[in-house]
Amino acid sequence: MSPQDTDSNPAGAAPEPELIRFAEDLADAARPVALRYFRNPLEVEHKADASPVTIADRTVESTMREMITARYPHHGILGEEHGGSNLEGAETWVLDPIDGTQSFITGMPTFGTLIALLQHGRPVIGIVDMPALGERWAGASSRATTLNGRPCRTRACRELRQASVYATSVDIFTPEELDALNTVTARAALRRFGGDCYSYALLAAGYVDAVMESSLKPYDYLPLVPIIEGAGGVITDWTGAALHLRSDGRVIAAATPELHAELLSTLPEAFR
């Protein structure tokens with residue numbers, strides 16, 4: 001099959017197996033690059049939004065971009081560190097080379113590489129690779145999500161009072177959003193902070209029941225969509241709408257449709 005053949009897939013169709021294998025090839029190539037820099041001295045710079053960045057972020061993304069361009073030159077690429085290119089076509093790869101750079105630079109192993117393939121704007125492949133932990137979640141439309149090659153499922157939690165709810169940090173919320181988080185999590189069994197992409201991966205594996213966040217970028221949330229959905233969960237924005245490239249960055253993920261519905265209904269009216 002030539003690369004051009006993949007463009008014939010209609011929106012919503014399952015991605016070609018070749019593309020799923022290639023997404024894993026990208027993660028295979030990215031992992032040793034990230035580990036080469038992990039827990040070694042690094043110069044930390046700060047971007048315009050004050051978020052940290054290192055040579056590790058840039059090198060991991062460059063490695064994946066070079067592979068995509070060589071294999072699928074007509075595909076678009078949107079990456080956190082090197083921006084967008086060729087975004088007008090049917091297929092676009094969305095890359096976060098090191099999700100959790102703050103964890104990475106402080107030696108925490110809960111950073112990950114995020115990879116998504118969008119077809120006609122819809123995320124149909126998602127990868128969360130945890131280099132330091134040796135764990136990888138892979139999701140694709142019409143397929144069960146896997147953890148290190150074995151199918152995984154969300155937990156059957158249907159009520160907020162029984163749920164564990166995660167968020168990466170209070171710092172990602174505005175004061176009004178933080179009030180909303182407090183309103184929701186006051187009804188939960190457990191609230192914890194930290195994790196970045198790992199919290200969503202643990203949700204897909206049945207350990208965490210919900211994640212509620214804000215201020216996310218497309219490369220933060222789009223790779224998660226096939227993984228959460230393929231494990232039986234639900235992931236949307238705070239209004240319940242499907243996530244896309246222009247979503248506002250407010251994300252809620254839940255283990256079951258019932259829990260997701262309760263999370264949305266518990267939000268203050270201003271956010272629904």
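What follows is a chat about why parts of this predicted model get the labels they do.

Reader: Let's start with the whole thing. How do you know that the protein agrees with a compact globule?

Author: Set the radius of gyration against the globule rule: with 272 residues, a compact globule would come out near 19 Å, and the protein has 18 Å, so the two agree. Along the principal axes, the C-alpha atoms fill a box of roughly 50 × 45 × 35 Å.

Reader: And what makes up the inside and the surface? What share of the residues is buried?

Author: Buried residues are 54% of the 272. The accessible surface comes to about 11500 Å², and carbon and sulfur atoms hold 50% of that. As for charges, there are 23 positive and 36 negative ones, and their mean positions are 6 Å apart.

Reader: Which elements is the chain built from, and how many are there?

Author: Eight helices and 15 strands. Of the contacts with a separation of 6 or more, 61% are between residues 24 or more positions apart.

Reader: Now the core. Which residues have the most contacts inside the largest nonpolar core?

Author: That core has 32 residues, and the ones with the most contacts inside it are Val94, Val128, Trp137, Tyr200, Ile235 and Val251. At least two residues each come from β6, β7, α5 (197–204), α6 (218–221), α7 (224–230) and β15 (251–254). The largest share, seven residues, is supplied by α5. There's also a second, separate core of 29 residues, which includes Phe22, Tyr37, Val60 and Ile115.

Reader: What makes α5 "mostly covered"?

Author: A residue is called buried when its relative accessible area is under 20%, and eight of the eight residues in α5 are buried. They are Cys197, Tyr198, Ser199, Tyr200, Ala201, Leu202, Leu203 and Ala204. After α5 comes Gly206, with a positive phi near 90 degrees.

Reader: What does Val128 touch, beyond its neighbours up to four places away in sequence?

Author: Val128 touches Cys197 and Ala201, and also Leu224 and Ile227. The rest of its list is Thr113, Leu114, Glu135, Arg136 and Trp137.

Reader: Why is Ile252 called buried?

Author: Its relative accessibility is 0%, and the cut-off is under 20%, so Ile252 counts as buried. Ile252 lies in strand β15. Leaving out residues up to four places away in sequence, its contacts include Val211, Met212, Val234, Ile235, Trp238 and Leu267. Ile252 and Asp237 are 15 residues apart in sequence, with 5.8 Å between their C-alpha atoms.

Reader: Glu177 has a charged side chain. Why is Glu177 called buried or exposed?

Author: Buried: Glu177 has 5% relative accessibility, and under 20% is what the label asks for, so Glu177 fits. Glu177 sits in helix α4. Beyond four places in sequence, Glu177 touches Ile172, Ser214, Trp238, Arg250 and Phe271. From Glu177 to Arg250 is 73 residues in sequence and 9.2 Å in space, C-alpha to C-alpha.

Reader: Pro175 is in helix α4 too. Why does Pro175 get the label it has?

Author: Pro175 has 58% relative accessibility, and exposed means over 50%, so Pro175 is exposed. Its C-alpha is 13 Å from that of Pro268, which is 93 residues away in sequence.

Reader: How do you know whether Ser164 is buried or exposed?

Author: At 9% relative accessibility, Ser164 is under the 20% line, so Ser164 counts as buried. Ser164 lies in strand β11 (residues 164–167). Neighbours within four places aside, Ser164 is in contact with Leu190, Tyr207, Val208, Asp209 and Ala210.

Reader: On to the backbone. What makes Arg39 worth a mention?

Author: Most residues other than glycine have a negative phi. Arg39 isn't a glycine, and its phi is positive, near 60 degrees. Arg39 lies in the loop between α1 (17–37) and β1 (45–46). With a relative accessible area of 58%, over the 50% cut-off, Arg39 is therefore exposed.

Reader: Why is His120 called only "partly exposed"?

Author: His120 has 45% relative accessibility, between the 20% and 50% cut-offs, so His120 counts as partly exposed. Phi of His120 is positive as well, near 55 degrees. His120 is in the loop between β6 (112–119) and β7 (122–130).

Technical notes
Residues numbered from 1 in each chain as written. Predicted model: local features only at pLDDT ≥ 70, side-chain atom pairs only at ≥ 80, totals over all residues. Heavy atoms only, no water. Helix = DSSP H or I, 4+ residues; strand = E, 2+ residues; numbered from the N terminus. Buried < 20%, exposed > 50% of the residue type's maximum accessible area, 1.4 Å probe, protein only. Rg over C-alpha atoms; globule rule 2.2 N^0.38 Å. Contact = heavy atoms within 4.5 Å. Areas by Shrake-Rupley, 256 points an atom, 1.4 Å probe, with all protein chains shown as cover. Charge placed at Lys NZ, Arg CZ, Asp CG, Glu CD. Core = buried A, V, L, I, M, F, W, Y, C linked by side-chain atoms within 4.5 Å.
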